[in-house]
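This report is an introduction for a reader who has not met this structure before. Please look over the sequence and the model before reading on.

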Amino acid sequence: MESELKYPFWLSGLITDPAQVFDRERAKARLRLYLSKGISCQIVGPPSIGKSSLLYNLQHFAREWDPTAKVAYLDLQSAECWTVSDVYTKAAEAWGVGERHAKEEAISRTVKELSKGGLRVVLCLDEFARIVRRPDEFTIDFFLGLRSLGQSGLTIFTSTRQVLHELIPSYNPTSPFFNIFALLRIGLFSDEDAAAFVDAPREGVPPYSREEKSAILSFAKGHPLALQIACFNVLFAKQNGESLATALEMANEDMQARLGKNDPENIQGSTAE
Amino acid sequence: VKVTLSPAQNHHRALLNRAAVNKVISMLRDYFLWSLEQFYLMFFWPSKFRNTVEGVEQQGQRKLSYRQRFRYLLKLFPWTLLFSLICNLILGFLCEASGVPYLWLPSWGGVLFGLICGTVLGVVIGVATGFAASISSSGVLGISAGVGIGTSLNNWAFFIIGVLGGLGAVVLFGLAVRNKRFLVDRESVVPVIVLALTIAALASTGLAIAIFAPTASSHVPVDVSKGRAISVGVAAVSGVMTGLSCGAILGLTRGLLFGFAFGISMSVAGALAFGLPGGMIYGAELGKAVGVGFLLGFSVPLWLTYFRVVMYPIDLAFSVFSYLKGQQPNGALNAWRWCPVAWNEVIWLPLPFVSKLLLLCVKEDRKRGFDLLTFIGAERPLQRRVVRATLNDIAVNSLEVDSLPDIADVTKRLDWTSNSRTELPPILMASIARFERISRQAEQYLSSLNEYQKRISLGQAIEELESLQLSLIGSDGDIPTQLLLVANRWHGVLQAERVRLHAQIQISDEIPNPFVFGRPIDQTEQNIFMGRQDIARLIEASILGAAQTPTLLLQGARRMGKTSILKQLPRLLGPNFAPIILDCQDSAARGSVTSFLYHLSLAITEGVQQRRLNIKELQREKMDNEPFEVFDDWLRKLEREMPKDMRLLLCLDEYEALQPQTEKSWECDLLDTLRHWIQFRPRIVLMFSGARTFPEMGAVWTGRFINARRVRVSFLKPEDVITLLTKPIPDFNMTYTPEALNKLITATNCQPFLTQAVAFELVQLMNDSKRKEAGVSDVNAAVSFAFESADAYLSNVWSDAGEQGRMILRAIANGDDPPYIPDSLAWLRNHDVINQEGCFAVPMVEQWVREYKSN
């Protein structure tokens, strides 16, 4: 517990505390607007930029923005979501309806009934690209079914590195899955936001010096994960009597290990799944 | 030898004596408290007695062995003896006081015999039965012996009658106590009937003995003329009491009317069986003996003990007292312990004020109040009606509101109704669902920052409420009246909020954003659905003006608003059309032909309900073997019930998803069936909706629907778009410079999706910059923003164009001469990507291609 207080940074990538989702005000405002109008949205951005954190915490934000929202967040990397049946079962669980409502045949009726009952039914599909890799299970029929749900009361939010039309194969002749989605790209923090992140007061953490701040900002170049890692390493080095250069070296190694890149800025350009 | 004890020894002995006395007193006190607890449980809480003292363990083993039962009864014996003695004394003196001769010595013999019988029964059947049987049988046998022998001068035959009669009563009593849980069970009438038949059989046996035994004796005083009237009267009362007892049991378990009828019939039968023959044949003394014996020995104890009638006045007084005490501030939960239901399980008759007290308890502390209801539901089966009544009251009470936050809170307050296993009245359940919807809309209203969204939520809430009010006005009964009063109060609160919101919007800086893209516009959002009356008129004319009902194809490029048109059809078309929409992309409908037809039946049911025609949806399981035949029968029935001018307009949206994979696919059978309907069911009109024409889809379609009439959906009319952009909703307070409006219309060329997307972005932009008049630069910026938000549409146009189509588009965008590829050019024209002149139909798409795809 003590160490958590000493190092209040999210190094695992996914931020699960909604209060810790820094900045992203524009993205949140957009998502709020889309939610209020029932417009499905694809959140697109480079790796570790905060898509999953935003989508994960949408569960919390959505309930705050619209108390009638029934949000199901599914991490499609999880082994619990490897089949169509798993996906619908987990979604039904999160919406608070019984298992019999989760069957593929019943799901559209369930969504319609929940919507008619005055609820805003929301499905957040994190790491959406994962299911595209299992075409035998997640067939075109699944995507068409999901599109149909999106047209009859379900609001879908996805997170991907690529835009959906690049991910999902073309399947003429009927309307494609992706054309019901608005696009929301998220990228690096602006210079002001990155500086505000470093300056943000944290319990038990002494403020960074001007030199440290400059080094962190220069290293991270607005990348949210790089900022977290750099802040952590600089703080750790300071507390253990190590130099700033060592801290940045450690941070660089960490980023390299995670993303396979030396320079966080390059990550923005990476769209390969 | 007298031993003299020293003072110390005396003191020590005194201490020992005192300790011994104290120990005895302590033991007696413990015994007394233990006995009191046993009596309390036996009398007031038999089910707990069964669970804790005797009863059955999990493996079906009884808790107490025969030996343990005997020990238990022996432990209770002092009390059993005392009560039996008191009972016999009271009965004996009552008999003597009423002029009936009573022989005390034989009566004590009867008491002793009864105690032995009761103990034996107790060991065999159960300790509670044994205790009750000992006292009642000793009383019955005592009075039977005392009265029988007393009245017939040592006629042992009558002693035998008394003995058997008493035994019968004991057995019945035991059965009644044992089977009480069955009696409480509403579904189980068999044990009750068995009990009633047993009574009748024992009565007949007693009567038979009474008939035959005296003939062996010459001491029987036969006086038919005097005795007939008395014996008939006394025995009739006995029979009536017995019959009413059984009737009451049935009444409480199977319904009051049934119980009343059964009670009356049993009364008459009992009176005849007990009294009439005996009185007619044997006269006054014998009739009186038998009648009084049964009357006192069976009916009265049954009423007083089994039904605890003796306790009812006390229960009544406590109930009133507890309610009055519960009305004090925060006093309800404290007062509950005084309520008889809290400590008495066996209250057969209704008690007033209990549900009112429970309601006060729930108001005082919701959780503890519900705990009490759970307790009654589980531990007081005879008072479950109180739980039902209280839940009704709680449900209605939960709807009481004074303000909008109160309304928004109602969903939480009514959470329990979704999980309640208690059956609330249907009108209450149906109304609660609607009140909940209104509550959710109020919640949405309160949490929304956007005034436009607020207006929508409030409008929907008021609309739903007014519809609920109308449905309640026509319903009879107390509950609808209470609900209507509540609904009226809600209406007052919501209307007041509407007035306040309207005033707020007038002075607000924010521009409401009613525009929406990416999903179809629902029928409820008719204000932002503009135009398309020409299409509705064309559909109507195509159907009404044709000699033979045509098939229609609503065809247009993607995102041109086809699904929105379908959703608006119920409003756009006249009441004689019932539009039915089925999304063919819905995976539930596309699993098999059975699934398709089943979901089509659901859509039809829903569609005709909008036209106030209530039909039952098709049962899925009935369709497993012969789906087409079953569906056809159902459709035929529906056609018979439809008003004669009504037509079903079956709209199959995204029809391309039905493209058969092979000639043997189920889709081919389905298409054949659809074709059959076109030819032989003139009241069913088929309308496909999609982006492609039938020739594009191939011979599977053209071969079946060659005569289909195409209804093309293309760009909106500029005048409709101007109305949409300038006055989409009454409170819309954004304006445009003439150039800006013109720019927006030109850029999108009235393409519905892009118009909505750019207008959506424009409103956001204006709100961000806190301005209300949009200029050309704002429109340009909004177009740029829409390139991101509407990227999916633009990318779809690009990918659908195909490689050659993309070459053409890129060349046009770059100002080069496009390659001449007739098929691709035709496709691009057909799908409104380029116009007849070979230019981009939508300048915004051209700009997008130039900016994002030119290389």
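What share of the 273 residues in chain A do buried residues make up? The share is 54%. The model is a predicted one.

## Chain A as a whole

Chain A contains 13 helices and 5 strands. Its accessible surface amounts to about 11400 Å², and carbon and sulfur atoms account for 49% of that area.

Contacts in chain A can also be sorted by sequence separation. Of those between residues at least 6 apart in sequence, 73% link residues at least 24 apart.

## Helices α11 and α12 of chain A

Helix α11 of chain A covers residues 224-239, and helix α12 of chain A covers residues 244-259. The two pack at an angle of about 145 degrees, and their axes lie 8 Å apart. The crossing of α11(A) and α12(A) is right-handed.

On the α11(A) side, the residues that meet α12(A) are A:L225, A:A226, A:I229, A:A230, A:N233, A:V234 and A:A237. On the α12(A) side, they are A:L244, A:A247, A:L248, A:M250, A:A251, A:D254, A:M255 and A:R258. Sorted by class, this contact of α11(A) with α12(A) has 12 nonpolar, 1 polar and 2 charged residues.

## Helix α9 of chain A

Which residues of helix α9 in chain A, residues 191-199, are buried? They include A:A194, A:A195, A:F197 and A:V198. These residues are on the same side of α9(A), because they cover an arc of only 155 degrees around the axis.

The buried residues of α9(A) are covered by elements that include α10 (210-220) and α11 of chain A. Helix α11 of chain A thus appears in two places in this report: it packs with α12 of chain A, and it is part of what covers α9(A).

## A loop residue in chain A

A:V97 is located in the loop between α4 (84-95) and α5 (104-116) of chain A. Setting aside neighbours within four places in sequence, A:V97 is in contact with A:A92, A:T110 and A:L114.

One of these partners, A:L114, is 17 residues from A:V97 in sequence. In space, the C-alpha to C-alpha distance between A:V97 and A:L114 is 9.2 Å.

## Chain B as a whole

Chain B has 855 residues, and 53% of them are buried. Its secondary structure includes 39 helices and 7 strands.

The area that chain B exposes is about 39600 Å², with 59% of it supplied by carbon and sulfur atoms. Among contacts in chain B between residues at least 6 apart in sequence, those joining residues at least 24 apart make up 74%.

## Two residues in chain B

B:R434 belongs to helix α21 of chain B, residues 426-447. Is B:R434 buried or exposed? B:R434 has a relative accessible area of 19%, so it counts as buried, the cut-off being under 20%. When residues up to four places away in sequence are not counted, B:R434 touches B:E464, B:S467, B:L468 and B:S471.

B:F321 sits in helix α13 of chain B, residues 312-326. With a relative accessible area of 41%, B:F321 is partly exposed. B:F321 and B:A335 are 14 residues apart in sequence, and their C-alpha to C-alpha distance in space is 8.6 Å.

Definitions and conventions
Residues numbered from 1 in each chain as written. Chains lettered and ligands numbered in written order. Predicted model: local features only at pLDDT ≥ 70, side-chain atom pairs only at ≥ 80, totals over all residues. Heavy atoms only, no water. Axes fitted to C-alpha atoms, helices over the stretch in contact; angles between N-to-C directions. Helix = DSSP H or I, 4+ residues; strand = E, 2+ residues; numbered from the N terminus. Left-handed = near helix turned anticlockwise from the far one by under 90°. Contact = heavy atoms within 4.5 Å. Nonpolar A, V, L, I, M, F, W, Y, C, P; charged D, E, K, R; others polar. Buried < 20%, exposed > 50% of the residue type's maximum accessible area, 1.4 Å probe, protein only. Arc of directions from axis to C-beta. Areas by Shrake-Rupley, 256 points an atom, 1.4 Å probe, with all protein chains shown as cover.
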